[in-house]
Amino acid sequence: MKTSTMLGGLIGSAIDGASGDDGTADGALIGAGVVTAARIIVPIAATFAVGWLVLRGLNTLADSVLGPRAAQG
C-alpha cells in the first residue's frame with residue numbers, strides 16, 4: 001500500500017470520526033478511494049491540459065504565419 005493511500009485513509013478516518021455518528025472505517029475507505037482515484041484522474045487531466053495548450057499554441061502559430069482563417073458557417 002502506498003504512503004499516500006494510507007495518508008488518505010487516515011485523513012478520511014479522522015474527518016469521519018469528527019462527526020461522532022459511527023465508526024471511522026467507512027471514512028478510511030472513502031479517503032483511500034479518493035486518493036486512488038486522484039492518482040488516476042490527475043495525470044489524465046494534466047495530459048489533457050498540456051495537449052490543449054499545445055493545440056492553442058499551434059493555432060496561434062499557424063495564424064501568425066498564414067494569417068487568420070476565414071470564419072466557418
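This section describes the fold, the buried positions and the exposed surface of a single protein chain in a predicted model.

The protein chain contains two helices and zero strands. Of its 73 residues, 12% are buried. The chain exposes about 5,800 Å², and carbon and sulfur atoms supply 73% of this area.

Helix 2 covers residues 25–66. For its 42 residues, a rise of 1.5 Å a residue predicts a span of 62 Å, and the end C-alpha atoms of helix 2 lie 61 Å apart, which agrees with that expectation. Helix 2 nevertheless has a kink of about 25 degrees, centred on A38. Just after helix 2, G67 adopts a positive phi of about 90 degrees.

Within helix 2, the residues G27, G31 and A32 are buried. An α-helix has 3.6 residues a turn, so residues three or four places apart point the same way. G31 belongs to helix 2 and has a relative accessibility of 10%; because buried residues are those under 20%, G31 falls in the buried class. When neighbours within four places in sequence are left aside, G31 is in contact with G8, G9 and G12. G31 and T5 are separated by 26 residues in sequence, while their C-alpha atoms are 7.9 Å apart in space.

A32, also located in helix 2, has a relative accessible area of 18% and is therefore buried under the cut-off of 20%. With neighbours within four places in sequence again set aside, the contacts of A32 are T5, G8 and G9. The separation between A32 and G8 is 24 residues in sequence, but 4.9 Å in space from C-alpha to C-alpha. Thus G8 and G9 appear among the contacts of G31 and also among those of A32.

Attention now turns to the later part of helix 2 and its surroundings. D63 is placed in helix 2 and is partly exposed, with a relative accessible area of 30%. Not counting residues up to four places away in sequence, D63 touches P68 and R69.

A nonpolar patch on the surface is formed by V50, V54, L58, L61, V65 and L66. Together, these residues have about 620 Å² of accessible area. One of the patch residues, L61, is found in helix 2.

In summary, the model describes a chain with two helices and zero strands. In helix 2, the buried residues G31 and A32 make contacts with residues that include G8 and G9, for G31 as well as for A32. Helix 2 also carries the kink centred on A38, and the nonpolar surface patch includes L61, a residue of helix 2.

Conventions:
Residues are numbered from 1 along each chain as its sequence is written. This is a predicted model: local features need pLDDT of at least 70, side-chain atom pairs count only at pLDDT 80 or more; totals for chains, interfaces and linings use all residues. Side-chain values use heavy atoms; hydrogens and water are left out. Helices (H or I, at least four residues) and strands (E, at least two) are DSSP runs, numbered from the N terminus. Buried means under 20% relative accessible area, exposed over 50%, partly exposed in between (1.4 Å probe, protein chains only). Accessible areas come from the Shrake-Rupley method with a 1.4 Å probe; for residues, only the protein chains shown count as cover. Patches are made of residues with over 30% relative accessible area and no salt bridge: like charges are joined within 9 Å, nonpolar side chains (Val, Leu, Ile, Met, Phe, Trp, Tyr) within 5 Å. A salt bridge is a side-chain nitrogen of Lys or Arg within 4 Å of a carboxyl oxygen of Asp or Glu. Contact means heavy atoms within 4.5 Å. The expected span of a helix is 1.5 Å times one less than its number of residues. The bend at a residue is the angle between axes fitted to the seven residues ending there and the seven starting there.
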